[in-house]
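Hi,

Here is the structure I promised to pass on to you. Have a look at it first, and my notes follow underneath.

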Amino acid sequence: MATSSDIDLMDLRAFERGEDDRLFAQLRDEDPLHWNDEPDGPGFWSVTRYADVKAVATDHATFTVVEGTQIASRRAEGEGGRSIHHVDPPEHGPLRKIVTPHVRPAKVKALEADIIAVIDELLDKAIGAGRTDFVAEIAAQLPLVMIGRLLGAPVQDCPHLLRWTNQMASEDPDYSEGPETAVRARDEVFGYFRGLEAQRRECPAEDLVSVLTAAEIDGQPLSRGYLDAYYLVLMVAGNETTRNLLTGGVLALHEHPEWWQVIREDPNRIRVLVEEMTRWVTPVLSMRRTATRDVEMHGKTIKAGDKVVMWFCSANRDERAFTDPHEFIGDRFPNEHLGFGWGEHACLGSHLARLEARLFFTRLVERGIDIRVVGDAARLRSNFFRGIKTLPVEMERIDD
């Protein structure tokens, strides 16, 4: 076994193979504050234990998001106005509060009938169709349609949202030719939503583009940069998190089929099961901060200006925080996972993601549908998102 100092979390092969858990277990035990070189950057510290990740996530004065939240020294929205991901309190709060009322639990619950209708339409197409790709036909489509509706994007434009999301989420060669692909996609996103925004200024609707267009902070409308960045983060986060959770959840049940029987006998247990799926999958693997001052941790010194990466996937498998963390326990309780991040920058759309996942598995049970994984999962080449690009399945009614 390689020593902990040899572990390179910029080598994406372990993530692509689904073997990174072993590396993080070694780091948690031997090197909980791990220095990692970068091929095209200054390097970064990795924080891998649950308590340390929470501590970094909540100390905004010491660990800032202003310099970026991805490992690479860049911001997805470019060098213009910052997204809510890239501003600290107190600036962050007023920006977040613009959208928060529209994605709180009571608000997203009102979408339940719409979500079920989309789920049923997708299931109707897949049942009995033979071998199909769960990601392309279901997991990508459900959040895509719903975030499109929330933003106000016409359904015929949703394939563009999916393409842009894929191109910006990673540099996986199936989606990207390099950093220039993400830059081009970002510019297309900005252009698209500026056009939609112009329509909403003329004729407001019940959607988030209208909300953001009319929003003010301290009596002033949002700047061009703030608007562009907000559209971008809502589009990417609204697609990636739920898609990865649904696909990872189906794969988890394939690997632990006893939980299918549990939820078929008692669908009320799906809510708790989805929390374990979120811990197990951890759709967003990591987020970065930058130290604003020297900090001592685990006998080492993080220098002001150093990059510090919080590995949520590692925290969610930390033996210090969870009993039997390497076991998928569908009724795990309590389950204070970090699958949607932590603190001020926790996932804005977590309530919607949870609802979509819960309703999807509920409809499977209610309609007596069986999903069988019939091939290998092709994983995303990324240390940012826990993505699966393709997952071959067959879907049939159990009583057919």
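Leu 33 has Val 47 as its bridge partner in β2. Five bridges join β2 (residues 41–47) to β1, and the two strands run antiparallel. Before I go on: this is a predicted model, so local features were taken only at pLDDT of at least 70 and side-chain atom pairs only at pLDDT 80 or more, while totals for chains, interfaces and linings use all residues. Residues are numbered from 1 along each chain as its sequence is written, and side-chain values use heavy atoms, with hydrogens and water left out.

Helices (H or I, at least four residues) and strands (E, at least two) are DSSP runs, numbered from the N terminus, and two strands pair if DSSP finds at least two bridges between them.

The sheet itself is open and has five strands in the order β1-β2-β10-β7-β3, with mixed pairing. β1 (33–38) and β3 (63–64) are at its edges with a single partner strand each, so each has one side without a neighbour in the sheet. Helix α3 (residues 50–58) packs on this sheet and touches β2, β3, β7 (286–291) and β10 (307–311), where contact means heavy atoms within 4.5 Å. The direction of α3 makes about 125° with that of β10; axes are lines fitted to C-alpha atoms, for helices over the stretch in contact, and angles run from 0 to 180 degrees between N-to-C directions.

What about β10? On one side, four bridges join β10 to β2, running parallel, with Phe 44 partnered by Lys 307. Five bridges join β10 to β7, running antiparallel, and here Arg 289 is partnered by Val 308. Five of the five residues of β10 are buried, so the strand is largely enclosed by the rest of the structure. Buried means under 20% relative accessible area, exposed over 50%, and partly exposed in between (1.4 Å probe, protein chains only). Lys 307, Val 309 and Trp 311 point one way from β10, and Val 308 and Met 310 the other.

Two helices are also worth a look. In α12 (residues 224–255), 28 of the 32 residues are buried, so this helix is largely enclosed by the rest of the structure. Its end C-alpha atoms are 47 Å apart, which agrees with the 46 Å expected (1.5 Å times one less than the number of residues). In α8 (residues 141–151), nine of the 11 residues are buried, among them Leu 142, Pro 143 and Met 146. Gly 152 follows α8 and has a positive phi, near 100°.

Best wishes
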